[in-house]
Amino acid sequence: QPATWRGEVTDCPPSANVFMREHWSVRARLKRRWSLELFAAFHHDTPSKAIGKRRVRVVITSKRARDHSNLWLAADKLIFDNLTSLGWIVDDSTKWIEPEVSGAVGEPRTVIEIWGERNGTGS
């Protein structure tokens with residue numbers, strides 16, 4: 001039976017429009033900050049190293065509604081890339097991840113759920 005890991009960051013990634021207008025060094029700093037945020041969000045139950053395909057659901061709650069591309073760019077660059085770096089997903093290609101990204105309006109926060117085998121064999 002697949003394990004579930006859930007983490008919550010008390011912030012949301014910037015929109016694609018804001019993110020892409022930033023200087024590359026600002027984007028790199030933001031990516032490093034999100035790596036730390038994700039690591040801290042899962043501190044109670046850290047996902048095992050992935051060696052198989054995993055499902056990942058990301059819910060980004062922000063003050064304003066975001067369109068599809070604004071949600072996906074943030075999830076891809078700041079969340080999926082970092083989950084790969086942390087070893088919690090093998091890669092962010094569809095061969096290794098079944099992603100689901102949705103948005104909500106409210107106080108900024110980001111909820112990440114990962115499903116897969118606890119021993120890393122995938123789901």
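**Exercise 1. Find out how many bridges join β2 to β3, and place both strands in their sheet.**

Start with the pair itself: β2 and β3 run parallel, and nine bridges join them. This is a predicted model, by the way. For one concrete rung, look at Arg54, whose bridge partner in β3 is Ile97.

Now zoom out. The sheet is open and has four strands in the order β1-β4-β2-β3, with mixed pairing. β1 (3-9) and β3 sit at the edges with a single partner strand each, so one side of each has no neighbour in the sheet. On average, neighbouring strands are turned by 15° against each other, ignoring direction.

**Exercise 2. Work out which strands α2 and α3 touch when they pack on the sheet.**

Take α2: this helix touches β1 and β4, and its direction makes about 125° with that of β1. Then take α3, which touches β2, β3 and β4, at about 130° to the direction of β3.

**Exercise 3. Check whether the length of helix α3 agrees with its number of residues, then follow the helix along.**

Step one: α3 covers residues 68-86, which is 19 residues, and at 1.5 Å a residue that should span 27 Å. Step two: the end C-alpha atoms are 26 Å apart, so the two values agree.

Step three: look for a bend. There's one of about 40° at Asp76. Right after the helix comes Gly87, with a positive phi near 85°.

Step four: see what is tucked away. The buried residues of α3 include Asn70, Leu71, Ala74, Leu78 and Phe80. Their cover, and that of the other buried residues of α3, includes α1 (16-21), α2 (24-41), β2 (54-62), β3 (97-105) and β4 (109-116).

**Exercise 4. Trace the salt bridges that tie strands together, and say how exposed their residues are.**

The structure holds ten salt bridges. Begin with Glu8 and Arg109, whose side chains meet at 3.0 Å, N to O. Glu8 is in β1 and Arg109 in β4, so this pair ties together parts 101 residues apart in sequence. Glu8 is partly exposed at 31% relative accessibility, and Arg109 is partly exposed at 32%.

Next comes Glu113 with Arg57, where the closest N and O atoms are 3.4 Å apart. Glu113 lies in β4 and Arg57 in β2, so here the linked parts are 56 residues apart in sequence. Buried means under 20%, so Glu113, at 17%, counts as buried. Arg57, at 26%, is partly exposed.

**Exercise 5. Find which residues are linked with Asp76 in a network of salt bridges.**

Lys77 pairs with Asp76, closest N and O atoms 3.9 Å apart. The full network links Lys31, Asp76, Lys77 and Asp81.

How values were computed:
Residues numbered from 1 in each chain as written. Predicted model: local features only at pLDDT ≥ 70, side-chain atom pairs only at ≥ 80, totals over all residues. Heavy atoms only, no water. Helix = DSSP H or I, 4+ residues; strand = E, 2+ residues; numbered from the N terminus. Expected span 1.5 Å × (residues − 1). Bend = angle between axes of the 7 residues up to and from the residue. Buried < 20%, exposed > 50% of the residue type's maximum accessible area, 1.4 Å probe, protein only. Contact = heavy atoms within 4.5 Å. Pairing = 2+ DSSP bridges. Axes fitted to C-alpha atoms, helices over the stretch in contact; angles between N-to-C directions. Salt bridge = Lys/Arg side-chain N within 4 Å of Asp/Glu carboxyl O.
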